Amino acid sequence: MQKFIVRGGRRLSGELELQGCKNSSLPILAASLLCGGECVLMNCPKLTDVFAALRILGCTGCKCTFSDNTAAVDSKDITRNEIPEELMREMRSSIIFMGAMLGRCGECTVSVPGGCELGPRPIDMHISALRRMGADIREDGGKIICRRMGEKLHGAKISLAFPSVGATENIILCAVTADGETVINNAAREPEICDLCGFLRKCGADISGDGESRIVIKGVNALHGCEYRIMPDRIAGATYLSMTAAAGGEIILRNACVPDLEPFLSVLEQTGCSIYTSSRDRVYLRSGSRLKAVRDRIRTMPHPGFPTDAQAVLMAALLCADGTSVFEENIFDCRYRHTDAFIKMGADIQVVGKIAVVKGVRSLHGAAVDATDLRGGAAMISAALSAEGMTEIGRICHIDRGYEKIEETVRLLGGDMQRVVKD
Ligand code: EPU
């Protein structure tokens, strides 16, 4: 079992290059199934979720390699269209393979990804959209069995009840080689959707409107392989900025996709940190005296609203702020589980339903805590860096799903953090 040991109280200072984005690498890896040739993905982050996606691809018959942040996937020969349950369980977003496998093979068997650390994660919108495109989908003993009904899947006009990221991705994956035109209304507008579409266009797909709420996909006969560079990870960027804001100090983020970070930066700025963006890809932050609470309620919303994935890390920065900050979590039912750890470290937080009220305290102290989920775990590191004394963080497998060498990055910034292996 591995743990992180963090000793707080040091200011952070330094410059770092952001890792590649987890939440676009995963659908892009799934999309490589559709290409029937070799895809070379650069700036692919070295994460356990990425390796889980590569294992899924391997089990379908793809030849995969990974070295120096470059993943190569050759999907010429697909030998299997069933993903075993143990692989589906390794990664919650494995459901994204459903649209890609349907598009490539016309049939597939996957399993229900199950409830997770953020609460139940239904896939009703994914299923109803794929049905509209001509797929017959049945559930049998936890397995989801999908088969196209006609010769080909066909385009459809789909209006999502909520701009779900995963459902938008599954529809796009299924539509790129379907017959005719697919229109997605109320599509997710997250930058990761644009990255997926950018990759697919490079492989020969005809997609327009990504980044807006109406996406149009015209089906093409076949896609081909390509070389593609994965976008930077805006949530990892938000995490390292929040850590520096919490611990005090200064940081320069390179390769930082400034426009994608803006919904987060405009809230972080209200804490009194000095933030400068020198070009489209550089952010400088300086955090001096005690942060100020954020006056306006922080409401998580689909992009371009404040990202749910940055809620926990911003909260960590506000635990010792001057005044009271109020969060409203609107995306996931169960995304305040990190608050118990913060309270154990001395924070003053009241959670009622989707609201969390954070009253800034003068200081935090170290404690033994467990990561509850990926972003909650990263937020615990942030709180620990600003606390007095030592914090021991368990269940760090959650954190390794999304942050590349996080302890090395924190040390590069001058923080005191070690990974230890315990029996
Ligand atoms: N939802 C439904 N039915 C559906 C699909 C979604 O009710 O068929 C609900 C979900 O239960 C949730 C909400 O809609 O309450 C939003 O879910 P969405 O489908 O947008 O999220 P996702 O695709 O499961 C991705 C990211 C998450 C990120 C969300 C929101 C990946 C791999 N995951 O999840 O990232 O929080 O979008 O932006 O892209 C993370 O990186 O830590 C993470 C959880």
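The following questions and answers concern the ligand site and the pockets of a predicted model.

Q: What makes the approach of Pro-122 to a nitrogen atom of the ligand a polar contact?
A: A backbone N or O atom of Pro-122 lies 3.4 Å from a nitrogen atom of the ligand. A polar contact requires a pair of N or O atoms within 3.5 Å, so the pair qualifies.

Q: Why do Asp-309 and Ile-331 count as making polar contacts with the ligand?
A: An N or O atom in the side chain of Asp-309 is 2.5 Å from an oxygen atom of the ligand. For Ile-331, a backbone N or O atom lies 2.5 Å from an oxygen atom of the ligand. The cut-off is 3.5 Å, and therefore both pairs meet it. Taken alone, the ligand exposes 830 Å², of which the protein buries 86%.

Q: Where does the ligand sit, and which elements surround the ligand?
A: The ligand takes up the space of the largest pocket. Helices H1 (22–31), H5 (124–132), H6 (165–175) and H12 (374–386) each give two or more residues to the shell, and H5 provides the largest share, 3 residues.

Q: Why is Ile-331 called a lining residue of the largest pocket?
A: A lining residue has an atom within 4 Å of a pocket point. Ile-331 belongs to the 46 residues that line the largest pocket, and is among those nearest its centre; therefore Ile-331 has such an atom.

Q: How is the lining of the second largest pocket divided by residue class?
A: Its lining comprises 12 nonpolar, 7 polar and 4 charged residues.

Note on methods: Residues numbered from 1 in each chain as written. Predicted model: local features only at pLDDT ≥ 70, side-chain atom pairs only at ≥ 80, totals over all residues. Heavy atoms only, no water. Polar contact = N/O pair within 3.5 Å; in protein donor to acceptor, adjacent residues only side chain to side chain. Areas by Shrake-Rupley, 256 points an atom, 1.4 Å probe, with all protein chains shown as cover. 1 Å grid on protein atoms, 1.4 Å probe; cavity = no way out; pocket = protein on both sides within 12 Å on 5 of 7 lines; lining within 4 Å. Sits in = over half its atoms within 2 Å of the grid points. Helix = DSSP H or I, 4+ residues; strand = E, 2+ residues; numbered from the N terminus. Nonpolar A, V, L, I, M, F, W, Y, C, P; charged D, E, K, R; others polar.
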